[in-house]
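Student: I have a structure open on my screen and I don't know how to start reading it. Could you walk me through it?

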Amino acid sequence: MARAVAQVRIERLAAGGAGVGRWPDGRVVFVPRTAPGDRAEVELRAAHRRWLEGRLVRLIEPSPLRRPPPCPFATRCGGCPLEHLPEAAQREAKRAFVADAFARLGGQRVEVPPVVASPRAWRYRNRATFVLRRGRGVVAGFRGADDPDRVVDVDGRCLLLEDPLAAAWDGLRAAWGPGAARLPAGPELRLTLRATATGEVGLLVEGGRGRGDPEPLRSAVPALRAVWGRRGGRLEPWAGAEALDERWNGESVRLRGATFLQVNRAAAAELERTVLDWAGDVRGRRVVDAYAGVALHGRRLARAGADVVAIELDADAVVAAREAAPPGLRVERARVEEALPRWLPADLVLLNPPRAGLAPAVVAALRERPPRRLLYVSCDPATLARDVGRLTGAFRLTRVQPFDLFPQTAHVETVAELVAEPCATT
């Protein structure tokens, strides 16, 4: 089959970060690692009925928006698909992602304000998951830019990692021995490192067989205070502390291997302040914190005088939430779709679902017994817009605010406020 190559002018960025242009036959082509304004030679990689996938061969006329990617792994690693653009251009693209999602999937024209910038554009991640693969040797890092099945070897020079995380990753790579023999056996492992605000680091190991030899690893990496393993969904402490003490924007959290917190602590503080500000005066109000995690929002609202129920399924997060629960906060371990109807109606419901968005049963419960207001925190504009569309009629979207919690990537976090329609609560 002949190699298909054409010149393409890139018009904009798609939600996943790829550039969007037109193939000579008029079909849309998506080209990763391009920028609006590029004129590029593009090779056709895959053809679909209405759209194409392309690969950048060379730049004929680079966009004025471009900059040299600062990271030494940029050309091979798939972790930072937007780092060839300045941060201001990245944020404008993300603002457009949110507006476009509401227009296409939610059927609403929404005035989307500028994206709130992250205080740090680099060295912001307090948690990172690496793939370790054994073959003729050991390769450990992130998925490849052009081939997600390939693992690109990445060390602490990665510019996303907080300094304590980068140092611990380099120390771990030096200490795991020939063939990574101090880690569990097997062809592939997932290694998640997380660092606290004080620089203590924990390691979660998933996959493989056995435990390896975690104590020498912990001894060789001074900041490594805990090693956990996960088998079949069950978390096991393997070496060191059972949990790490984290101080998160004024809240105490006992961190275990899989406990969820945002990866960008400084930008998350901006988002959390917005949620509290939009919640307003909650004294004497009934609040439901759904998909609560460690119930950071629920804790703060309970201290502000609300009667709060936090709903969370993950066992480790529930333990952490209950350990630090102030008076006025009840933590229930359950699926949101099962527990939410018992606590409706309410004055305010906070929603912070996973990327898949709200289950249909959650939408149905909110429509049947609407709270006065919803605050929806979303990591995916597409599912946010879809869910807002499903809630239309019972609720009215009043405002949105996107946040750049993941600079250099195409991800954007968004807070949306919805108010119950008058007829829905009467």
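Tutor: Let's go through the helices, the cores, the spaces and a few backbone details. Keep in mind that this is a predicted model.

Student: Okay, helices. How long is helix H1, from its first C-alpha to its last?

Tutor: A handy check is to set the span of a helix beside the expected one. Helix H1 (residues 87–105) has 19 residues and reaches 26 Å, close to the 27 Å expected at 1.5 Å a residue.

Student: Which residues of H1 are buried?

Tutor: To read a helix, look for the residues that are covered. In H1 they include Ala89, Ala93, Phe97, Val98, Ala101 and Phe102, and there are polar names among the buried ones too, such as Gln90. The buried residues of H1 pack against strand E2 (12–13), helix H9 (381–391), strand E21 (395–403) and strand E22 (413–420). Right after the helix comes glycine 107, with a positive phi near 65 degrees.

Student: What about H2: which of its residues are buried, and what covers them?

Tutor: Leu165, Ala166, Ala168, Trp169, Leu172 and Ala175 are buried in H2. Their cover includes strands E7 (127–134), E8 (138–143), E10 (188–195) and E11 (201–206), along with helix H3 (214–220). H2 itself has 13 residues and spans 18 Å, close to the expected 18 Å. Just after H2 sits glycine 177, with a positive phi of about 85 degrees.

Student: Which residues touch the most other members in the largest nonpolar core?

Tutor: For a core, ask who its best-connected members are. This one has 65 residues, and those touching the most other members are Leu132, Trp169, Trp176, Leu183, Leu191, Leu203 and Leu301. Helix H2 (residues 163–175) gives the largest share of this core, six residues. Try clicking on leucine 132: leaving out residues up to four places away in sequence, its contacts include Val138, Trp176, Leu183, Pro187 and Leu191. Another core of 38 residues lies apart from the largest one, with Tyr291, Leu384, Ala385 and Val400 among its members.

Student: Tyr291 is in that other core. What else is notable about its backbone?

Tutor: Phi is a backbone angle, and its sign is worth checking. Tyrosine 291 has a positive phi of about 55 degrees, although it is not a glycine. Tyrosine 291 is in the loop between strand E16 (286–290) and helix H5 (296–303), and it is buried, with a relative accessible area of 15%. Why does 15% count as buried? Because the cut-off for buried is under 20%.

Student: Where is the cis peptide bond?

Tutor: For that you check omega. The bond from leucine 344 to proline 345 is cis, with omega near 0 degrees. Proline 345 is in the loop between helix H7 (336–339) and strand E19 (348–351).

Student: Now the spaces. What lines the largest cavity?

Tutor: With a cavity, read the volume and then the lining. The largest cavity holds about 50 Å³. Its lining is Cys71, Phe73, Ala74, Cys77, Gly79, Cys80, Glu83, Phe142 and Cys158. By class, that is seven nonpolar, one polar and one charged.

Student: And which residues lie nearest the centre of the second largest pocket?

Tutor: Pro32, Arg33, Leu56, Ala145 and Asp146, out of 19 lining residues. The pocket has a volume of about 500 Å³, and strand E6 (residues 51–61) gives the most to its lining, with six residues. Arginine 33 also has a positive phi, about 65 degrees.

Terms used:
Residues are numbered from 1 along each chain as its sequence is written. This is a predicted model: local features need pLDDT of at least 70, side-chain atom pairs count only at pLDDT 80 or more; totals for chains, interfaces and linings use all residues. Side-chain values use heavy atoms; hydrogens and water are left out. A nonpolar core is a set of buried Ala, Val, Leu, Ile, Met, Phe, Trp, Tyr and Cys residues joined through side-chain atoms within 4.5 Å. Buried means under 20% relative accessible area, exposed over 50%, partly exposed in between (1.4 Å probe, protein chains only). Helices (H or I, at least four residues) and strands (E, at least two) are DSSP runs, numbered from the N terminus. Contact means heavy atoms within 4.5 Å. On a 1 Å grid over the protein atoms alone, a cavity is a set of points where a 1.4 Å probe fits but cannot get out, and a pocket is an open set with protein on both sides within 12 Å along at least five of seven lines; lining residues have an atom within 4 Å of a point. Grid points are joined across faces, edges and corners, and a volume is the space filled by probe spheres set on the points. Ala, Val, Leu, Ile, Met, Phe, Trp, Tyr, Cys and Pro count as nonpolar, Asp, Glu, Lys and Arg as charged, and the others, Gly among them, as polar. The expected span of a helix is 1.5 Å times one less than its number of residues.
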